[in-house]
Amino acid sequence: MSILYYQFTSCDQPPLTSAQKNNPYFQKVDDCLRNWNSGEHHFTLHSSGSTGTPKPIVLTKTQITASAQATARALGLPAKSKVLITLNVEMIAGFMMLVRTLVNDWHATVILPTSDPLATLPEDLAFDFVA
């Protein structure tokens, strides 16, 4: 079984492989990255729905950027930190992990959301932060 994941940095966002292009989740990851880089200034995100139906939240790029920078400072994660994104990018938490990677110049690996994300990855991959 081949392992499906996508790696990118703020400076290097390679095109999706054919297997990734055939996966709706990785298409969504690609869409999120393209929207962020396109100059959009307002983003409609969705809450997790932990208290009911996910609710739409409209945030500005300035607000999102400030939050991403504050997270890096609070966690003490410098540029080039290696992060694993396991959260669904269609919800605010996963989207914010994509943005944190771009804003803070981290190196990200994105995998399909699963209950045991580390089980599907090569053992030689190491991370500073997993969310």
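These are my notebook entries on a predicted model, covering its aromatic rings, a helix crossing and a few single residues.

**Entry 1: aromatic pairs**

I began with the rings and found five aromatic pairs in the structure. One of them joins tyrosine 6 and phenylalanine 8, and this pair is stacked. The ring centres of tyrosine 6 and phenylalanine 8 are 5.8 Å apart, with 25° between the planes. Stacked is the right word because planes under 30 degrees apart get that label.

I then checked whether these two rings are open to the surface. Tyrosine 6 has a relative accessible area of 3%, so I noted it as buried. Phenylalanine 8 has 2%, so it went down as buried too.

My next pair was tryptophan 36 with phenylalanine 95, which is edge-to-face. Here I wrote down 6.4 Å centre to centre and 70° between the planes. Which helices hold these two rings? Tryptophan 36 lies in helix α2 (residues 24-37) and phenylalanine 95 in helix α4 (residues 92-104). The pair therefore ties together parts that are 59 residues apart in sequence. Tryptophan 36 and phenylalanine 95 are both buried.

I followed the ring pairs onward and found that they link Trp36, Phe43 and Phe95 into a cluster. There is also a charge to note at tryptophan 36: lysine 61 lies over the face of its ring, at 4.5 Å from the ring centre.

**Entry 2: isoleucine 64**

I looked up isoleucine 64 next, which lies in helix α3. Is it buried or exposed? Isoleucine 64 has a relative accessible area of 1%, so it is buried. Leaving out residues up to four places away in sequence, I listed its contacts as Trp36, Phe43, Leu45, Leu59, Phe95, Met96 and Val99. Among them are Trp36, Phe43 and Phe95, the residues of the ring cluster. I also took one distance here: the C-alpha atoms of isoleucine 64 and histidine 41 are separated by 9.9 Å, and the two residues are 23 residues apart along the chain.

**Entry 3: how α3 meets α4**

Isoleucine 64 led me to the contact between two helices. For such a packing I wanted two values, because two packed helices are described by the angle between their axes and the distance between the axes. The axes of α3 and α4 come within 9 Å and cross at roughly 75°. The two helices are therefore roughly perpendicular to each other.

Which residues make the contact? From α3 I noted Ile64, Thr65, Ser67, Ala68, Gln69, Thr71 and Ala72. From α4 I noted Phe95, Met96, Val99, Arg100, Val103 and Asn104. By character, the residues of this contact divide into seven nonpolar, five polar and one charged.

**Entry 4: positive phi values**

I searched for positive phi outside glycine and wrote down two residues. Lysine 80 has phi near 75°. This lysine sits in the loop between α3 (61-75) and β4 (82-85). With 49% relative accessibility, lysine 80 counts as partly exposed.

Aspartate 105 also has a positive phi, of about 60°, although it is not a glycine. I found aspartate 105 in the loop between α4 and β5 (107-111). Its relative accessible area is 19%, so aspartate 105 is buried; the cut-off for buried is under 20%.

**Entry 5: strand β4**

I picked two residues of this strand, lysine 82 and leucine 84. Lysine 82 counts as partly exposed, at 47% relative accessibility, whereas leucine 84 is buried, with a relative accessible area of 0%.

What does each one touch, not counting residues up to four places away in sequence? For lysine 82 I listed His107, Ala126, Phe127, Asp128 and Phe129. For leucine 84 I listed Thr109, Ile111, Leu118, Leu121, Phe127, Phe129, Val130 and Ala131. Phe127 and Phe129 appear in both lists.

I added two C-alpha to C-alpha distances. Lysine 82 and threonine 9 are 9.5 Å apart in space and 73 residues apart in sequence. Leucine 84 and cysteine 32 are 16 Å apart in space and 52 residues apart in sequence.

**Entry 6: serine 115**

My last stop was serine 115, in the loop between β5 and β6 (129-130). With a relative accessible area of 80%, serine 115 is exposed. Its C-alpha atom is separated by 9.1 Å from that of threonine 86, which is 29 residues away along the chain.

Methods:
Residues numbered from 1 in each chain as written. Predicted model: local features only at pLDDT ≥ 70, side-chain atom pairs only at ≥ 80, totals over all residues. Heavy atoms only, no water. Phe/Tyr/Trp six-rings, centres within 6.5 Å; stacked < 30°, edge-to-face > 60°. Buried < 20%, exposed > 50% of the residue type's maximum accessible area, 1.4 Å probe, protein only. Helix = DSSP H or I, 4+ residues; strand = E, 2+ residues; numbered from the N terminus. Lys NZ or Arg CZ within 6 Å of the ring centre and 35° of its normal. Axes fitted to C-alpha atoms, helices over the stretch in contact; angles between N-to-C directions. Parallel < 35°, antiparallel > 145°, perpendicular 65-115°, else oblique. Contact = heavy atoms within 4.5 Å. Nonpolar A, V, L, I, M, F, W, Y, C, P; charged D, E, K, R; others polar.
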